[in-house]
Structures are given as structure tokens and as C-alpha cells.
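I opened the model today to look up a few things and write them down. The entries follow in the order in which I checked them.

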Protein chains: 2
Amino acid sequence: MPLTKRIESAMDAALALAAGADAPPRLAAALPYAVRPGGARIRPTILLNVAIACGDDEPAAADSAAAALELVHCASLVHDDLPMFDDAPLRRGKPALHAAFSEPLALLAGDALIMLAFDVLAAGGQARALGLVRLLAAYGGMPGGICAGQGWESEAKVDLSAYHRAKTGALFVAATQMGAAAAGHDPLPWEELGQRIGEAFQVADDLRDALMTEAELGKPSGQDAVHARPSAVAELGLRGAARRLDDILAGAVASIPACPGEAALAMMVRRTATRLVPADLPARIAAE
Amino acid sequence: MPLTKRIESAMDAALALAAGADAPPRLAAALPYAVRPGGARIRPTILLNVAIACGDDEPAAADSAAAALELVHCASLVHDDLPMFDDAPLRRGKPALHAAFSEPLALLAGDALIMLAFDVLAAGGQARALGLVRLLAAYGGMPGGICAGQGWESEAKVDLSAYHRAKTGALFVAATQMGAAAAGHDPLPWEELGQRIGEAFQVADDLRDALMTEAELGKPSGQDAVHARPSAVAELGLRGAARRLDDILAGAVASIPACPGEAALAMMVRRTATRLVPADLPARIAAE
């Protein structure tokens, strides 16, 4: 089965767990709205690629891990889009959940998606599920997960390294480590790959925000400059940021632990990276 | 060890899992603020009493279940107090978390407490933990947990029975079922006891809201009338609501499944109930 099909099937199975005749109808409608259509599904794609590189001997565990991780990511987008944070009117080319439903329903949908993520992990009943629960909780919560990352935005003095590690990096480390753990491998050696992919994603995101239009992104562009957020483009310039992206990707490929599918995984990392930035990146940089 | 000590120790151990040198300091301070001082800790108290009635053969599992349940309860209070929901300035006699910190930090603290709850369950590594994760996710999330309960408040047409079952009842059913599951018993026969305790708590809460002062409650009183919320007092009057509370408690005691500590548990249910309403309830009703 192609990976995108595996991921969407796993997301469908997850959403089915949260559906029921007794549920409040608007919140029930908000959950699939938050999840579909997906973005690039980059985190579960990485997770499944790592699981496959590690042998994927228990595909149901990998599928539930992929769905759980994407659910927590979707929850974080719904909460981050709220007026109290990014106040983003658009997400994935349609109104943000709080704009389409309401702020209370956006908050509740995020909460319910987080709960659902853990339900999905436990539902399979695999022995590996407990380890997956711990990884997801660690990279989702405090002290170093995405909640911590967003929490740094409420600090007067920001530890930029801890901020990026938690805000963007955490769910990529979760992706590589949960992929390995779902396939019965020790997750620890997979931390560096996740960190480097997270750094690459952060730099690529900064480049996209600076170079692409709202129509291309499906959300407002130029937001780093508007909110005066630290970014690789602000720090290194467009050309410097593009060079930094190349360096990080080389390091990511070099960090892949020895495993049966090492070569194929290296190709996946390079392929994913090319999808992160516009194909005509050099021309766009030259035109600025 | 007295139950209150067991509960607070388990809460301390849970909070320690979320602490770290790299954490954003204000969010790190918000988590214990949300958890301490506790209210009556009624849900974990019920959970531990049921576990003890079932033999409590794995106290660490019961302790982590008690802490996890209370963490999800605390998270729901923090989120429900936000201006977009109840807009409550006070909680447990001090400023609500969003008032003491900020709305973004209140939202993030709630998210982090939910993640932490599942981490706590999985941290012990007991075989029973997966079942506990499923129970907590079900009674916390959708379609029938506390998220669903709060979600009903966004509906034009409310299924009152589903609303109360999810909003107040869910975490009491979680308490009795998780207590049984943590002690290795089948949780299913424990659903009715949790439901009835939840109903009793709802009616007692309505009576407290109508009869007690802000100083006594540690939060604004008379809120059901202010927000025109359905309540047992509005439906049955003060005397009718007090009679209904007695009936529900009799049913709760009668529903206790056969177990080693059945008699002691029945006493606990009656004792808990007397703590839910003022000792001078009849006099207060007569004075209205």
C-alpha cells in the first residue's frame, strides 16, 4: 500500500474511534475538519519510512503511531491558529477551525484530538504501545515538547535553541523515534535524524514564509517579518539560509543509524527536502 | 499511607515528569499552579477507594491512575475557566490560571497536563497501563468524555442527558472503572457506580451553587442562574433536589459490584456525599 494511503486509512480509523451517536454534532464535525484535507503529512511519512527502514514487523503499531503523531500535530495547529496565539485566519487553504466553527470548539477539538491520539496508540493493545505513549507525551508536552515550544513565546527572554528544538523539532524527533520503536528498534539512536530533519524544516519554513505568496502557501505569508519572529532568513539572509538548508540535510543523511533500509531512507530524506521549498528556489532568491 | 498523602505524592511524582531545566519558566510555573492546592481530590479518592475495594494488588498502577485522572480534571478546569467558556476569575480560592498567568499559558498548561496524564500512566510500564490509557482517553475526549460534555455547550439544541453524562459523569465513571482496572478487575461492572456518583455530584453542585456564598465556594456562586444553565434546583426546587440527591446515593451504594471491600466502599460513598453539601443543608433550604 502506498504510504499516503496507509496514513489516510490510519487517520480514518482514528477518527472513527472519536465518532458516536451521542456526540455533540458541531464538535463531532470539527474533528475531521481539523484533520482533512491533510497538509503534506510529513511527520507520519517520516515515521513510516523509518519503521519500514527498521523492518516494519508490526505494521499496525506503525500505522497507529503515524496517526497518533499526526493527530497531535493537527491539534497543535488548531490551537496555535487561535487569536490568542498566531490569529491565523487560514490553514491548508481553508478557514482556520476557530474561524469556521468558533474559538471554544477549536479549543475543544484540539483537546479531543490529543486524547484521541493516545487512545489510538493504546487501542491496538501491542506491547510496544506503552513506549510509543511515552514518546508522544514527551514530544507533545512539557518540559521539551511542542507545548514547551509554544510556551517560549510567552517568555520575555527566549532560549532560542530550546525554543526551536521544542516548537519545531520535537515532533520530528517523535517521528523518527516512534517509527523505530513501532518496529521494535531502540529509539535512542534515531534522535539525531529527527533533530536534523526538524532543523531543515524550520529553515525551509522560514524560506517559504519569505519567498512564497499566500495563495501558494494556503495561509498568510511574510508572517515572520510581521511578528518580528527570529528566522533563518532574518539571521543569514536568503542565500545563507538556502546554504544552511543544504548543510543540515547532508548531516541528516549522515546521521541515519545502521538499519536494513538505510539507503532507501536516505533517498526519502533528500526527496522530502526538495518538497519543502519551491522547485525554483534559486531563481526566486535571485529575483528578491 | 492515608489516601490524601498517596494522592499528593502521586501528583508530585507526575509534576516531576514535566519539569526540566530547558522548560520555559512561566509555563513550568503554571503546571503546579493548576494542580496545587487541590480541591477535594474527589475523583482520585474514589479511584483509590475502588482499587482498595478490589484488592489494590498493584498500588503503583492505582497511584498513577489516580494522578492521571486528577491531571485531566485539572486541565479541564483550566480550559473551562477561560473567557471563551465560563470566564471564571477565581478557582479554588485564588485567581484562575489565565488571570494569574495569561490565556495562552492557560491553554498550553491544559494541553501539557493532558499529555502528562498519559505519560504518567505509561511511565510505570505496567501491563495494565494500556487499558488505563484507553479509559482515560475515552472519558476525557470524544465522543462521550468531558470534551464532548463541554462541546454540548456550543450546540443550539442540547441533549441534556448526554450533556450531563459527558460533562460531569465521565470522570466519575473513569474513577470507578480505572480504580477497578488498576487492581486487575474488569472495569465494566463499575460503570453504574461511577454514573450514580456523577449524578449525585451534579445535583450537589447545583445545590452548592444555589445555597453557598463565593467565600465558601472559593469561586463565584449563583452561576447557574446567571448563565441560565439547566440545573436540578431549577428543575426540582431546593427540596426536590435534596431528595433527589438522597435517592441517587442509595442507588449508588446498591450498585457496588461484589468485591472484597464492598462494605467499606459503601461507607466511603456515603461519607463522600456528606462532604458534597453544607452540613446545615436543611436549615439553609428552610431559610431560602
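In which helix is Thr45(B) found? I looked it up in the model, which is predicted. Thr45(B) sits in helix α3 of chain B, residues 42-53.

Next I asked whether Thr45(B) is buried or exposed. I read a relative accessible area of 14% for Thr45(B), and the cut-off for buried is under 20%, so I entered Thr45(B) as buried. I then listed what Thr45(B) touches, leaving aside neighbours within four places in sequence: Leu3(B), Ile7(B) and Ala40(B).

**Core**

I turned to the largest nonpolar core, which has 213 residues. Which of its residues touch the most other members? I noted Met178(A) and Leu207(A), together with Met178(B) and Leu207(B). I followed up Leu207(B) and left out residues up to four places away in sequence. Leu207(B) touches Val233(B), Leu238(B), Ala241(B), Ala242(B) and Leu245(B), and also Val277(B) and Leu281(B). As a general remark, I add that nonpolar side chains tend to be buried together in soluble globular proteins.

**The two chains**

How is chain A laid on chain B? I find that a turn of 180 degrees with a shift of 0.0 Å along the axis does it, at an RMSD of 0.0 Å. The two copies are therefore related as by a two-fold rotation axis. The same surface serves both copies, and 100% of the contact residues of chain A recur in chain B.

**Interface**

I counted the residues in the contact as 50 from chain A and 50 from chain B. The area buried between chain A and chain B is about 4500 Å², and carbon and sulfur atoms give 73% of that area. Which residues of chain A lose the most area to chain B? I wrote down Met115(A), Leu130(A) and Met142(A), which together make up 16% of what that side buries.

For charged pairs, I have four salt bridges across the interface of chain A and chain B. I checked the one between Asp119(B) and Arg134(A), where the closest N and O atoms are 2.9 Å apart. I also have 10 residue pairs in polar contact across this interface, with both residues at pLDDT 80 or more.

Last, I asked which helices of chain A each supply at least two residues of the side that touches chain B. I listed α2 (25-35), α4 (59-80), α6 (103-123), α7 (129-140), α8 (146-151) and α9 (160-182). The largest share of that side, 13 residues, comes from α6(A).

Definitions and conventions
Residues numbered from 1 in each chain as written. Chains lettered and ligands numbered in written order. Predicted model: local features only at pLDDT ≥ 70, side-chain atom pairs only at ≥ 80, totals over all residues. Heavy atoms only, no water. Core = buried A, V, L, I, M, F, W, Y, C linked by side-chain atoms within 4.5 Å. Buried < 20%, exposed > 50% of the residue type's maximum accessible area, 1.4 Å probe, protein only. Contact = heavy atoms within 4.5 Å. Least-squares fit on C-alpha atoms with pLDDT ≥ 70 in both. Buried area = accessible area lost by both parts, 1.4 Å probe. Salt bridge = Lys/Arg side-chain N within 4 Å of Asp/Glu carboxyl O. Polar contact = N/O pair within 3.5 Å; in protein donor to acceptor, adjacent residues only side chain to side chain. Helix = DSSP H or I, 4+ residues; strand = E, 2+ residues; numbered from the N terminus.
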